[in-house]
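Student: I am new to this structure and would like a close look at one part of it. Could you walk me through a single helix and the partners it meets?

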Amino acid sequence: MSKPFSVYKKALVAASLSVFSLAVVPSFANAKMEKSSSSYKKFTGRVLGANVRLRTNADLESNIIKELSKHELLVIVDEKEDFYAVEPTSDIKAYIFRSFVLDNVIEGNRVNVRLSPDLEAPIINHLSTGKRIDGKICETNNKWLEINPPAGTRFFVAKEFIEYAGDAGLKALTDKRIATASQLIESTQLLTQAEMRKPFEEVSKDRIVKCYQNVINDYKDFPEFVVKAKDLLASFNEQYLQKKITYLEKKASQVASSGITEETVSLGDTDGKLAMTDSLTDRMKIWEPLEESLYLSWAAMHRAKTMDDFYTDQKLKSVTISGILEAYSDPVKNKPGDFVVKERDIPIAYVYSTHVNLQSLLGKRVNLVAAPRPNNSFAFPAYYILDAE
């Protein structure tokens, strides 16, 4: 006896529904994970090694998405055998074919979301009709839209390379601190550029130093930012130092070329040795800016050293010159000294000092403890006098 047509119709519909179910329902393993995800206690995990592989699935044969850095943080949302399931990191993008998108809405059932704009790229999720997305046209292939990985996208990393770092909210807090530190460094760099375009007297050094110190002191848990802030601070200090040296040299040159004559103070001799001056004459003060600039250049390579330390170092490198001391009063620019040492009426050196009152030794034969100085392209070498007798 033949069966009624209605029986065959019901069987056909049932078969169709079975085929459809097989097409859209996840595999047993994935279904098991989705079921457990709701009860799994999420946490933030820290990567233990360098170049740890993040994969598309929980097996060693699956596609490698990227290599993770040591100490990188991940949100662990589930586990599967020897792997943890993790949320995508912020730098990972996903791609969907533009033909399935109309006015930022998906037009199609189970549209593939891929890891790169390529039909051969791994599928990492699906989107269905009516789902609204926020994407942009891919720069390398305009047939694709670049989007953030859809909610529910999971990647996998071997458990042996992950340790517990804190609750699930730790990564979000950490990401926020990273963004703040990065923004602070970037804004301070822009501030530095703006300040260094100003005249030296107007540069706000303390403000810039404070900004970099804030990163160094407040973000010690991010060594990469601390190192960058220290490097940028050192670079700024060097720029500031060079700007100050240029300013002081220009000021010294302007004073030296003005042709000012000053009254001097004679200190006299004590047992043939000239005493160090306790007060500077106006002529000696002219050279203070130049000496300060030389000290600052030296101090940049000798941290926490004073000007006394600078002159102690100069004395260790000094030479002794002898001859008759005479005034060098020619009204020329950039002259390398106020005095000239002669031997048999032939000049052998230009000299100046902020330590010794050389005016009191005019016309006398002297032995001078001298440190080399720039001679500004004059005919004879120049020296700074540290001591005299």
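Tutor: Happy to help: what follows is a tour of one helix, its charged pairs and its helical neighbour, with a short look at pairs elsewhere. Please keep in mind that this is a predicted model.

Let's settle on helix α7, which covers residues 288-299. A little background helps at the start. Side chains of opposite charge can pair when their charged atoms come close. The structure holds 16 salt bridges, and α7 takes part through Glu292 and through Glu291.

Take Glu292 to begin with. Its side chain meets that of Lys244 in a salt bridge, with N and O 3.5 Å apart. Lys244 belongs to helix α5 (residues 223-256), so this pair ties α7 to a part of the chain 48 residues apart in sequence. As for its surroundings, Glu292 is partly exposed, at 29% relative accessibility.

Now turn to Glu291. The side chain of Glu291 forms a salt bridge with Arg373, at 2.9 Å from N to O. Arg373 sits in strand β20 (residues 365-373), so here α7 is tied to a part 82 residues apart in sequence. Is Glu291 buried or exposed? Glu291 has a relative accessible area of 1%, so it counts as buried, since the cut-off is under 20%. Its partner Arg373 is buried as well, at 10% relative accessibility.

Next comes the helical neighbour. Two packed helices are described by the angle between their axes and the distance between the axes. For α7 and helix α8 (residues 307-316), the axes come within 10 Å and cross at roughly 85°. That angle makes the two helices roughly perpendicular, because it falls in the range of 65 to 115 degrees.

Which residues make this contact? From α7 come Glu291, Glu292, Leu294, Tyr295 and Trp298, and they meet Met307, Asp309, Phe310, Tyr311 and Asp313 of α8. By type, the contact has 6 nonpolar and 4 charged residues, with no polar ones. Notice that Glu291 and Glu292 appear here again, besides their salt bridges with Arg373 and Lys244.

To round things off, here are two examples away from α7. Glu326 and Lys342 form a salt bridge whose closest N and O atoms are 3.1 Å apart. This pair links strand β17 (residues 319-327), which holds Glu326, with strand β18 (residues 339-343), which holds Lys342, and the two residues are 16 apart. Glu326 is partly exposed, with a relative accessible area of 27%. Finally, Lys66, Glu72 and Asp91 are joined in a network of salt bridges.

Notes: Residues numbered from 1 in each chain as written. Predicted model: local features only at pLDDT ≥ 70, side-chain atom pairs only at ≥ 80, totals over all residues. Heavy atoms only, no water. Salt bridge = Lys/Arg side-chain N within 4 Å of Asp/Glu carboxyl O. Helix = DSSP H or I, 4+ residues; strand = E, 2+ residues; numbered from the N terminus. Buried < 20%, exposed > 50% of the residue type's maximum accessible area, 1.4 Å probe, protein only. Axes fitted to C-alpha atoms, helices over the stretch in contact; angles between N-to-C directions. Parallel < 35°, antiparallel > 145°, perpendicular 65-115°, else oblique. Contact = heavy atoms within 4.5 Å. Nonpolar A, V, L, I, M, F, W, Y, C, P; charged D, E, K, R; others polar.
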